[in-house]
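Me: Please take a close look at just one part of this for me, the place where the protein meets the DNA. I'd like one connected walk-through rather than a list.

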Protein chains: 2
Amino acid sequence: MLISTKGRYALRVMIDLAEHQTDDFISLRGIAQRQEISEKYLESIIRMLVKARVLESLRGKGGGYKLKKAPEQYTVGSILRLTEESLAPVSCLEEGSDACPKAGKCRTLPLWQGLDKVINEYLEGVTIADLMEQGDVGDNYVI
Amino acid sequence: MLISTKGRYALRVMIDLAEHQTDDFISLRGIAQRQEISEKYLESIIRMLVKARVLESLRGKGGGYKLKKAPEQYTVGSILRLTEESLAPVSCLEEGSDACPKAGKCRTLPLWQGLDKVINEYLEGVTIADLMEQGDVGDNYVI
DNA sequence: TATAATCCTAGCAGGAAGGTAGGAATTGAA
DNA sequence: TTCAATTCCTACCTTCCTGCTAGGATTATA
């Protein structure tokens, strides 16, 4: 499995915020209740999004979260990359992993590179806006 | 990460057997040494391939393993499906998992179905023969 | 000052990945 | 017949990650 609950929940948070967008901040509690996810767990996920400056936050009464940009400007890939350690299909392609000494003569490396490319292109071709309403999806978002 | 060492090693076994194909059976020890993988671990992986009737085996002296079909006839996807529990990118698409009660109104399900499709199409488009010699790769096997 | 909210650190249970160990069964050859 | 080479089978172990929980510190509003 490539995508953990962290990544899936992060996307659902983004969609929820996009769908309930106003000038006000939206509280964790509201998101958690609508999405039926534990507040405490969701908290840790949302904090990643705040740290990555994808969300704006405000503490104290009336506080909460808000998207920083328009939903069209967030690709699915850019969000998943924040919560998943890596989207690489195999460990040898993970960022920060040293180049494999056998890379030159590896029979399968090109296979994994190709798979990686296909996955990334797909995930970069879909935005949060595309996910908001089924039936009004982007060109790249074809099942 | 989508693909475990089990899957990667299984592919390497298939390639090794394809490249050293004769009428004789090829021993586990030989494969393990060429691929620099622990004999004991490789043994458990190869047994999956034998059980799935992808390989033919012979016990005793002079025994070993052999491909049952030509390398062109094994897609990468068909091999990986034997060793990986599931190639689905998210748990809700795994075979045998009950349909999610929220599937009807799920904002992200089509996203995952699309990703699943892209991954499977890619992996079905490459065969063991494609992996044998770089430079002589199939049409679908483009980086 | 009370209350509502986010921030922060720590920890934990369960399962899977990756690998090891030891021996039983089978086959071919001396 | 016996020995050596080989696959088959079962059990186990360690380490890491996922998914989740707990408890409190900090900040803003009314």
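Reply: Let's start with a phosphate: one of its oxygens in DNA strand D sits 2.6 Å from a polar side-chain atom of B:Ser57. This is a predicted model, so to speak of local features we need pLDDT of at least 70, side-chain atom pairs count only at pLDDT 80 or more, and totals for chains, interfaces and linings use all residues. Residues are numbered from 1 along each chain as its sequence is written, chains are lettered from A and ligands numbered from 1 in the order in which they are written, and side-chain values use heavy atoms, leaving out hydrogens and water.

B:Ser57 has company on strand D. B:Glu43 puts a side-chain N or O atom 2.7 Å from a base nitrogen of DNA strand D, and from chain A, a polar side-chain atom of A:Arg59 lies 2.9 Å from a base oxygen of DNA strand D. These are polar contacts, meaning N or O pairs within 3.5 Å (within protein, one atom must be able to donate a hydrogen and the other to accept it, and sequence neighbours count only if both atoms are side-chain atoms).

Zooming out a bit, 22 residues surround DNA strand D, and A:Lys40, A:Arg59, B:Leu28, B:Glu43 and B:Ser57 come nearest. Here "near" asks for a heavy atom within 4 Å of the strand. Of the strand D atoms within 4 Å of the protein, 60% are sugar or phosphate and the rest belong to bases. By type, the residues near strand D split into 5 nonpolar, 9 polar and 8 charged. The nonpolar class is Ala, Val, Leu, Ile, Met, Phe, Trp, Tyr, Cys and Pro, the charged one is Asp, Glu, Lys and Arg, and the others, Gly among them, are polar.

Which elements do they come from? α1 (5-19) and α3 (39-51) of chain A, plus α3 (39-51), β1 (55-58) and β2 (64-67) of chain B, each supply at least two residues, and α1(A) gives the most, with 3. Helices (H or I, at least four residues) and strands (E, at least two) are DSSP runs numbered from the N terminus.

Now for the other DNA strand. There are 21 residues around DNA strand C, the nearest being A:Leu28, A:Glu43, A:Ser57, B:Thr5 and B:Lys40. Sugar and phosphate make up 62% of the strand C atoms within 4 Å of the protein. A phosphate oxygen of strand C is 3.0 Å from a side-chain N or O of A:Tyr65, and a phosphate oxygen is likewise 3.0 Å from a side-chain N or O of B:Ser38. B:Gly60 uses its backbone, where a polar atom lies 3.5 Å from a base oxygen of strand C. Two or more residues each come from α3, β1 (55-58) and β2 (64-67) of chain A, together with α1 (5-19) and α3 of chain B. The residues near strand C divide into 5 nonpolar, 9 polar and 7 charged.

How do the two protein chains relate? A 180° rotation with 0.0 Å of shift along its axis superposes chain A on chain B with an RMSD of 0.1 Å. The copies are thus related as by a two-fold rotation axis. That fit is by least squares on C-alpha atoms of residues with pLDDT of at least 70 in both copies.
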